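I opened my notebook with a fresh page and a cup of tea. Here is what I looked up, entry by entry.

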Protein chains: 2
Amino acid sequence: MPIALNFNDNSLLAALPQDVLARWRPFIKPVDLPLGKILYESGGKMANVYFPTTAIVSLLYVMENGASAEIAVVGHEGIVGVSLFMGGGSTPSRAVVQSAGQGYRLKAEVMMQEFNRAGPVLHLLLRYTQALITQMAQTAACNRHHDLDQQLCRWLLLSLDRLVGNELVMTQELISNMLGVRREGVTKAAGELHKAGLIEYRRGRITVLDRPALEARSCECYEVVKKEYARLLPVELAI
Amino acid sequence: MPIALNFNDNSLLAALPQDVLARWRPFIKPVDLPLGKILYESGGKMANVYFPTTAIVSLLYVMENGASAEIAVVGHEGIVGVSLFMGGGSTPSRAVVQSAGQGYRLKAEVMMQEFNRAGPVLHLLLRYTQALITQMAQTAACNRHHDLDQQLCRWLLLSLDRLVGNELVMTQELISNMLGVRREGVTKAAGELHKAGLIEYRRGRITVLDRPALEARSCECYEVVKKEYARLLPVELAI
DNA sequence: CGGCATCCGTTCGTTGGCGTACATAGCGAC
DNA sequence: GTCGCTATGTACGCCAACGAACGGATGCCG
């Protein structure tokens, strides 16, 4: 944990004016986000918001029968906990760390205080939330119309955009939970991507070999979401 | 068109303070919203926002190949055009009138002016947006895990909540576009609901006979969304 | 360096929804 | 009342994904 916090690792923090960061400095803490850690539970009170830096966080919907489905993913371009400032302070979804790493944690009250000043923080966060909404909407449509093969490509690309390097530490079982499909289905789809020479993997590690081909094979959803993030967030924020 | 506008027909308008309504009065107009009218197009600029009263508006995602999927529905409890104040001024989805009726139209600039005062309008609209987000997330998960039968029940109930009476003017073809499935699939599912005595229909009119049974047969998604709307919006706003 | 938990591969039958094609029937216009 | 458009009913083969079950492999840990 460096003495001088480097807020540039999260794009939202990086875009904030100095005076906001100065106010936040005493209350914002770097934290480890280990794989599987639940940042908030469905319907639970939100004591903090999180700004991931090297971690990836999944917004996961868990149904009554235990089945799950990812509705959006948040990395160093975003913030976990938008429902805090949107109002209500909870959502019926769960936020869980999908790829281990670090992030910053900020107390809910401090965030709210700043939000209620109705300055640049408010506008930046609302634009980010709009981008998140796009991702959710796209996920809904994608779940309806695209096959597992394409969705796996989309999902790999979305994750890749939020990581450095081209390797994901990720079991097929975990991916299947995110996509809301069976593990066997992921095995089959991944096998085909492997045969085509796009990826390589072994026991919980996936390496992307041919990213352009992955983009070509993915459904349109990846591209749409990416473009919308680029449009809505300041240039230096683009993923 | 009455001389005295009755803003109580839309719950958001009804919840606004008098001084806001007074400022809006010169700029807000009752409008007819005929079936199929497109209020805004994917990616298009948003010149107005709409407050439905008796109409229902679908937020529809249209894919490259022409396939579509509804991501949320808006009626007298809401507003069409949240991406205006969220930032960006457009979304990659389309807003189309799903059930003909009336609503109010307000110029985008007037809305923005009020929103930027950062008063009760801002907070009310953000809470509503949060409810809308819940609906989208639920739709995403529902699309993944529940079968057409259950989804049709959910969809009928969501529509019914936004109408007076128990009759929907709605062809199966239209429903299939909303749900993102084939028309034949809707015919089959509707036939089963009919056999079970829950609904009755003839050529573009569906009558709900046994609402409790419909709720029992629906997936959990309807209940979750409904509860979240009730929680997030003031009591008198509850659908 | 060996044991073992965990991850990945594969199989078989089932099923819900798709694409296509065509038949019937309600309802408005004339 | 008849015509014709459009909504609804039905049938066939097809395929992606499901559920369950089990074998094989890898790499971590002692």
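**Entry 1: DNA strand C**

How do the residues of the surface near DNA strand C divide into nonpolar, polar and charged? I looked this up first, keeping in mind that the model is predicted. I found four nonpolar, six polar and eight charged residues on that surface.

Next I asked which residues surround the strand. There are 18 around DNA strand C, and the closest are Thr171(A), Gln172(A), Asp147(B), Leu148(B) and Arg182(B). Both protein chains show up in that short list of closest residues. I then checked the elements: α7 (172–179) and α8 (183–195) of chain A, together with α8 (183–195) of chain B, give two or more residues each to this surface. The largest share, four residues, comes from α8(A).

**Entry 2: DNA strand D**

I repeated the search for the other strand. DNA strand D has 19 residues around it, and those that come nearest are Asp147(A), Leu148(A), Gly185(A), Thr171(B) and Gln172(B). Here α8 of chain A, along with α7 and α8 of chain B, each supply at least two residues. I noted that α8(B) gives the most to the surface near DNA strand D, with five residues. Sorted by class, this surface has four nonpolar, six polar and nine charged residues.

**Entry 3: Two helices in chain B**

Since α7 and α8 of chain B had come up at DNA strand D, I wanted to see how they sit together. Two packed helices are described by the angle between their axes and the distance between the axes. I found that the axes of α7(B), residues 172–179, and α8(B) come within 8 Å and cross at roughly 110°. The two helices are therefore roughly perpendicular to each other.

Which residues of α7(B) meet α8(B)? I listed Gln172(B), Glu173(B), Ile175(B) and Ser176(B). On the α8(B) side, their counterparts are Arg183(B), Gly185(B), Val186(B), Thr187(B) and Ala190(B). This contact counts three nonpolar, four polar and two charged residues.

**Entry 4: α7 in chain A**

Then I turned to α7 of chain A. Six of the eight residues of α7(A) are buried, so this helix is largely enclosed by the rest of the structure. I wrote down the buried ones: Gln172(A), Ile175(A), Ser176(A), Asn177(A), Met178(A) and Leu179(A). I was pleased to meet Gln172(A) again, as it is also among the residues closest to DNA strand C.

What do the buried residues of α7(A) pack against? My list has β4 (56–62), β5, β6 (94–99), α6 (148–160) and α8, which belong to chain A. One small detail went in the margin: Gly180(A), just after α7(A), takes a positive phi of about 75°.

**Entry 5: Where the chains meet**

I looked up the contact between the protein chains. It involves 35 residues of chain A and 35 residues of chain B. On the chain A side, β5 (68–74), α3 (82–86), α5 (120–145) and α10 (220–232) each supply at least two residues. Which element of chain A gives the most? The answer is α5(A), with 15 residues. The chain A side divides into 16 nonpolar, 13 polar and six charged residues.

**Entry 6: A four-stranded sheet in chain B**

I traced an open sheet of four strands in chain B, in the order β2-β6-β4-β5, with antiparallel pairing. Its edge strands, β2 (38–40) and β5 (68–74), each pair on one side only. Neighbouring strands are turned by 35° against each other on average, direction ignored. Inside the sheet, five bridges join β4 (56–62) to β6 (94–99). One pair I looked up is Ile56(B), whose bridge partner in β6(B) is Ser99(B). Helix α5(A) packs on this sheet, touching β4 and β5 of chain B, and its direction makes about 135° with that of β5(B).

**Entry 7: A three-stranded sheet in chain B**

My last stop was another open antiparallel sheet, with three strands in the order β1-β7-β3. β1 (28–33) and β3 (48–52) stand at the edges with a single partner strand each, so one side of each is left without a neighbour in the sheet. The twist averages 35° from one strand to the next. β1(B) and β7(B), residues 101–107, pair over six bridges, and Pro30(B) has Tyr104(B) as its bridge partner. Helix α4(B), residues 108–115, lies across β3 and β7 and runs at about 70° to β7(B).

Conventions
Residues numbered from 1 in each chain as written. Chains lettered and ligands numbered in written order. Predicted model: local features only at pLDDT ≥ 70, side-chain atom pairs only at ≥ 80, totals over all residues. Contact = placed C-beta atoms within 7 Å. Nonpolar A, V, L, I, M, F, W, Y, C, P; charged D, E, K, R; others polar. Pairing = 2+ DSSP bridges. Axes fitted to C-alpha atoms, helices over the stretch in contact; angles between N-to-C directions. Near = placed C-beta within 6 Å. Parallel < 35°, antiparallel > 145°, perpendicular 65-115°, else oblique. Buried ≥ 20, exposed ≤ 12 C-beta atoms within 10 Å, placed from the backbone.
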